[in-house]
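Let's take a walk through this fold, one sheet at a time. Have the sequence and the 3D view open as you read.

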Amino acid sequence: MNYQVFFIIAMSVLGAGSLLALLGAVIRGRRVRVISPFHIFFSTVFLSVLIALLPVYYDLTAHEGNSPIRVFFFSLFSTIQIFAIDGNRELVTEGIPLQEGWVPGAYNVFLSTVYVIAPILTFVFLLSFFRNATAFLRYVNHYFNDAYVFSELSEKTIALGTDIRRKNKRAMVIFTGLDVDDNEEQTKLLEDAKDIRAITFKRDIAAINFKRHSRKAGLTFFSMDDDESVNVKQALHIIETYKNRKNVRLYVFATGIESELLLARADTGEMKVRRVNAVRNLVNRNLYEEGSSIFDTALPPDAEGIRNIGAVIIGLGQHGTEMLKALSWYCQMDGYRVSIDAFDMDAMAEDRFYAMVPELMSEKYNGVFIPGEAEYTIRIHTCYDVYGRAFTEEIGKLKNSTYVFVALDSDETNIRTAVNMRMLFERMGIHPVIQAVVTNTDEKKALDGVTNFSGQPYDIIFIGDVETLYSADVVISSELEKEALERHLKWGKEEDFWRYEYNYQSSVASAIHMKARIHCGIPGAEKDEAELLPEERKGIERLEHRRWNAYMRSEGYIYSGSHDKKTRNDLGKMHHDLVEYDRMDEEEQRKDSRVGTR
C-alpha cells in the first residue's frame with residue numbers, strides 16, 4: 001500500500017483539524033457556542049494516527065488476505081492502544097524501515113511524537129469528562145431544590161449566587177460556560193464558587209438540558225454576559241426550550257433596544273421573563289432608598305416659600321445620563337424646585353442629550369415655570385476637564401449646590417473627583433450631599449466613613465458596588481419592583497408589566513416618587529384614592545401630572561400637537577396628554593389621582 005499517500009492524508013487531516021481547533025478557541029473566546037477546541041484537536045490526532053496506521057496493518061496482515069475490514073479494525077485497535085499507553089511500537093514500526101525515501105524518517109518522527117502526546121491527551125480528556133460527570137451527579141443529587149443557573153462565572157454572578165445561597169441554604173447555584181483558560185482570576189472565581197458549594201459546568205447555559213429538573217422546584221436562569229447580543233441569543237433559546245414549563249424565570253441583563261424588541265415579541269408561555277438594566281437599577285434603587293436626602297438638604301424656603309435643590313452631575317456616561325433624566329421627574333414636588341448642572345468632557349454631550357430628550361430640553365419648558373407643568377432647569381456644560389481651572393471656576397459659581405453625583409469612567413477617577421469636589425465646596429462654605437459610583441465592593445467598604453489625617457470625615461456616599469447591585473434583594477425580590485407591580489395592576493395586567501419595558505419603568509418611577517411624596521408630607525399622599533378630600537385630590541392630581549410630564553419627556557416623548565387621543569403615536573414617542581394640568585379633561589385628571597395615591 002502507498003505509505004506516502006496515507007501519510008500525506010494523515011498530516012493534512014492533522015493540520016486542518018489543528019487550524020479548526022484554533023479557530024474554535026478564538027470563536028469560543030467571544031462566547032459563541034462551538035464544539036470544544038480540545039475535543040476537535042483530540043479527535044483530529046486520533047483520526048490522523050488511524051489513517052497513518054492503515055498501510056502498516058495492510059502489510060502486516062498481507063499473508064491473511066488483506067481484508068479491508070480486518071485492516072481497519074487492527075488499525076483502530078492499535079490507535080486505541082496508543083492513546084491508552086498500551087501500544088506496541090516495535091510491532092507497528094517493524095515494516096516501515098523497508099520503505100524507500102523519506103517515509104521511514106517521517107513515520108518514526110510522527111509515531112514517536114504520538115506515543116508521547118497521545119496518553120497526555122487521553123488523560124486530559126478523561127479529567128474533563130470526570131469533572132463534568134461529577135458536576136452532573138451533584139446536580140442530580142439536588143433534583144428537588146430550587147435551581148439558579150448563571151450563564152458565566154464572573155464577579156457579578158458570584159456576588160448574586162453568594163447572596164442567593166446566604167438567603168436560601170437549600171438553593172442550588174449553578175455556573176455554566178466556564179472559561180477554559182487557567183488564569184489567576186478564573187482560579188479565584190472557582191474558589192469562590194466552591195465556597196458556596198456551587199456546581200460548575202464548562203458547557204454553555206443553552207447547551208445543558210435542565211428540563212428534567214423537578215417541576216415542583218423553581219428554575220431560574222440569569223443571562224449575564226458582558227456582550228448583550230450573547231445574552232439575547234441565550235435568552236431566546238431558553239425561552240423556546242422552557243416556555244411551557246411552570247416555575248421558570250429568566251433574567252436577561254441588557255439595555256439595548258434590540259433586546260427590548262426581541263424579548264417583547266417572544267412567546268414566553270408560562271415563563272416570567274425580566275430584562276435587567278443594571279445602570280437604571282442603580283439609579284432607581286438609589287433614589288428609592290436614599291433619595292429623601294435630596295429633599296432634606298434642599299435650601300431653606302425663599303421669599304416664595306420654595307426650597308431649591310441644586311444638583312450637580314459630573315460625567316454624562318450611562319450612569320450620569322440616567323441620573324440627569326431621573327432627577328428631572330423625581331424632584332417634581334410641591335414646595336421644591338430643582339436646578340441641574342451637568343458637566344462632561346465630550347463637546348457633543350449636550351447635543352446628544354438634546355436629541356435623546358428634545359422636549360425636556362426645549363426652551364418652552366426648560367427653565368420656564370408654567371402652572372400645572374413640570375418645573376426644572378437643566379444646564380449642560382461641555383469640554384470641561386474635572387481637574388482643570390475652568391471647571392474649578394465654574395463650580396465656584398454654583399454656590400447653591402445641595403446634591404452632587406459623580407459618575408466618570410472608573411472607580412479611581414470617581415473617588416478622586418468626589419474628594420476634589422468636597423474640597424471645592426468646603427472652600428465655598430457649603431456641604432452638599434456627594435455620591436460617587438464605585439463598583440469594587442472591597443474599595444467601597446474600605447472607603448465608607450473615611451476621614452482625612454485630621455479626622456475630618458469626607459462625608460461621601462459610595463454607591464453601585466457589585467455586591468450590593470447584584471444582590472437577591474435588588475435583582476430577584478426587589479421591594480421597589482413589588483410596589484411598582486402593585487401600581488401597575490391599578491390599570492393593567494401583570495403579564496404586560498413584565499413584557500413591556502414602557503410599563504415596567506413607568507410603574508417603577510411612580511413607586512419611587514410615591515415614597516418621596518410621603519416623605520415630603522404631601523397632603524393625601526398616604527391615603528387611598530377614595531379617602532381623599534377634594535383639595536387633597538386636586539393637589540395630588542396636579543403634582544402627579546407634573547411628575548408624569550417630566551418623566552415622559554425624560555423618556556424622549558413630545559407633545560403630539562393635539563389633545564385628541566387619536567394623535568398618540570408611541571412609535572414616534574408622541575403623546576396627546578403632554579400639556580399642563582388645566583388643559584386636561586376631568587377623566588384624565590381622575591387618572592392622576594388614581595395613579596398618584598396608594
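Two strands count as paired here if DSSP finds at least two bridges between them. Keep in mind that this is a predicted model. With that cut-off, β2 (residues 172–175) and β3 qualify, pairing in the parallel sense over two bridges. Look along β2 and you'll find phenylalanine 175 standing opposite threonine 200 in β3.

Zoom out and that pair belongs to an open sheet of six strands, ordered β3-β2-β1-β4-β5-β6 with parallel pairing. At its edges sit β3 (199–200) and β6 (272–276), each of which pairs on one side only.

Now move further along the chain. Another open sheet of six strands turns up, with parallel pairing and the order β9-β8-β7-β10-β11-β12. Here β9 (376–382) and β12 (460–463) each have a single partner strand, so one side of each is left without a neighbour in the sheet. From one strand to the next, the twist averages 15°. Within this sheet, β8 (residues 336–344) and β9 pair in the parallel sense over seven bridges, and isoleucine 340 stands opposite isoleucine 378 in β9.

What lies across β10, β11 and β12? That's helix α10 (residues 278–290), running at about 150° to β11 (433–437). Helix α16 (residues 411–428) packs on the sheet too, touching β7 (307–314), β10, β11 and β12, and its direction makes about 165° with that of β11.

One last stop is on the surface: Val116, Ile120, Phe123 and Val124 make a nonpolar patch of about 390 Å². Isoleucine 120 lies in helix α5 (residues 103–141).

Methods
Residues numbered from 1 in each chain as written. Predicted model: local features only at pLDDT ≥ 70, side-chain atom pairs only at ≥ 80, totals over all residues. Heavy atoms only, no water. Helix = DSSP H or I, 4+ residues; strand = E, 2+ residues; numbered from the N terminus. Patch = residues over 30% accessible without salt bridge, like charges linked within 9 Å, V, L, I, M, F, W, Y side chains within 5 Å. Areas by Shrake-Rupley, 256 points an atom, 1.4 Å probe, with all protein chains shown as cover. Salt bridge = Lys/Arg side-chain N within 4 Å of Asp/Glu carboxyl O. Axes fitted to C-alpha atoms, helices over the stretch in contact; angles between N-to-C directions. Contact = heavy atoms within 4.5 Å.
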